[in-house]
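Got your viewer open and a selection box ready? Load the model, and let's take a walk through it.

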Amino acid sequence: MNRIAIILDKNLEPGAAANVAALLMGQAALNEPELYSDQPVLDLSGVQHAGIQYSTVILKAGENQLINLVKSCSDDSGGLSYVVFSQTGQSLNNAFEQYASEIAAMELEATKVVGVIVWGRMRGSGQRPRNSVS
């Protein structure tokens, strides 16, 4: 079964957490267009609803857990995909070139990861993925 997990820094304020989750999901959808249906999902009133195709959960974790998750995803050969967002990105509103340049010059830990999205095929029914945050 394909699943999506968004794991956010447990210290984020609710608005910042929603923003990070939205940014991560947007990037994941660009990387993997099949996360959403290409056919509109309409109700009887003709209102379009989100066409997400896979179960999505949002979890909280500490900064070290986020870093460890990213490192274990990097080592995984099981077909999981992931993207991170950081405090560096949060601090550079509407400054993409500067953001890309700064990230390219930093090690992962220095970026201060505030969110990770992981998606892909999870092994077995009801099993937690090997790289899940505990």
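**Stop one: the largest pocket.** Start by finding the largest pocket, which has a volume of about 360 Å³. The search runs on a 1 Å grid over the protein atoms alone, and a pocket is an open set of points where a 1.4 Å probe fits, with protein on both sides within 12 Å along at least five of seven lines. The volume is the space filled by probe spheres set on those points, with grid points joined across faces, edges and corners.

Before you go on, note that this is a predicted model: local features need pLDDT of at least 70, side-chain atom pairs count only at pLDDT 80 or more, and totals for chains, interfaces and linings use all residues. Residues are numbered from 1 along each chain as its sequence is written, and side-chain values use heavy atoms, with hydrogens and water left out.

Now select Gln27, Val83, Val84, Phe85 and Tyr99: of the 14 residues lining the largest pocket, these lie nearest its centre. A lining residue has an atom within 4 Å of a pocket point. Which elements should you colour next? Try α1 (14-31), β5 (81-86) and α4 (96-104), each of which supplies at least two residues of the lining. The largest share, 5 residues, comes from α1. Helices (H or I, at least four residues) and strands (E, at least two) are DSSP runs, numbered from the N terminus.

Colour the lining by class and you get 10 nonpolar residues, 4 polar ones and no charged ones. Here Ala, Val, Leu, Ile, Met, Phe, Trp, Tyr, Cys and Pro count as nonpolar, Asp, Glu, Lys and Arg as charged, and the others, Gly among them, as polar.

**Stop two: the salt bridges.** How many salt bridges does the structure hold? There are 2, a salt bridge being a side-chain nitrogen of Lys or Arg within 4 Å of a carboxyl oxygen of Asp or Glu.

Select Lys71 and Glu109 and look between the side chains: the closest N and O atoms of this salt bridge are 2.6 Å apart. The pair links distant parts of the chain, with Lys71 in helix α2 and Glu109 in the loop between α4 and β6, 38 residues apart. Switch on a surface and you'll find Lys71 partly exposed, at a relative accessible area of 40%, while Glu109 is partly exposed at 35%. For the labels, buried means under 20% relative accessible area, exposed over 50%, and partly exposed in between (1.4 Å probe, protein chains only).

Next, select Glu63 and Lys112, a salt bridge whose closest N and O atoms are 4.0 Å apart. This pair also links distant parts of the chain: Glu63 sits in helix α2 (residues 63-75) and Lys112 in the loop between α4 and β6 (113-121), 49 residues apart. Glu63 is partly exposed at 31% relative accessibility.

**Stop three: two positive phi angles.** Stay on Lys112 and check its backbone: phi is near 60°, a positive value in a residue other than glycine. Lys112 counts as partly exposed, at a relative accessible area of 36%. Then jump to Asn94, in the loop between α3 and α4, where phi is near 55°, again positive in a residue other than glycine. Is Asn94 buried or exposed? Exposed, with a relative accessible area of 85%.

**Stop four: two threonines.** Select Thr88 in helix α3 (residues 87-90). Thr88 is buried because its relative accessibility is 9%. Leaving aside neighbours within four places in sequence, Thr88 is in contact (heavy atoms within 4.5 Å) with Tyr99, Glu102, Ile103, Met106, Ala110 and Thr111.

Follow that last contact to Thr111, in the loop between α4 and β6 and buried at 6% relative accessibility. Not counting residues up to four places away in sequence, Thr111 touches Ser86, Gln87, Thr88, Ile103 and Met106. Draw a distance from Thr111 to Ser86: the two are 25 residues apart along the chain, yet 5.7 Å separates their C-alpha atoms.

**Last stop: zoom out.** Switch to cartoon view and count 4 helices and 6 strands in the protein chain. From the N terminus on, trace the order β-α-β-β-β-α-β-α-α-β. Of the 134 residues, 32% count as buried. Among contacts with a separation of 6 or more, 73% come from residues 24 or more positions apart.
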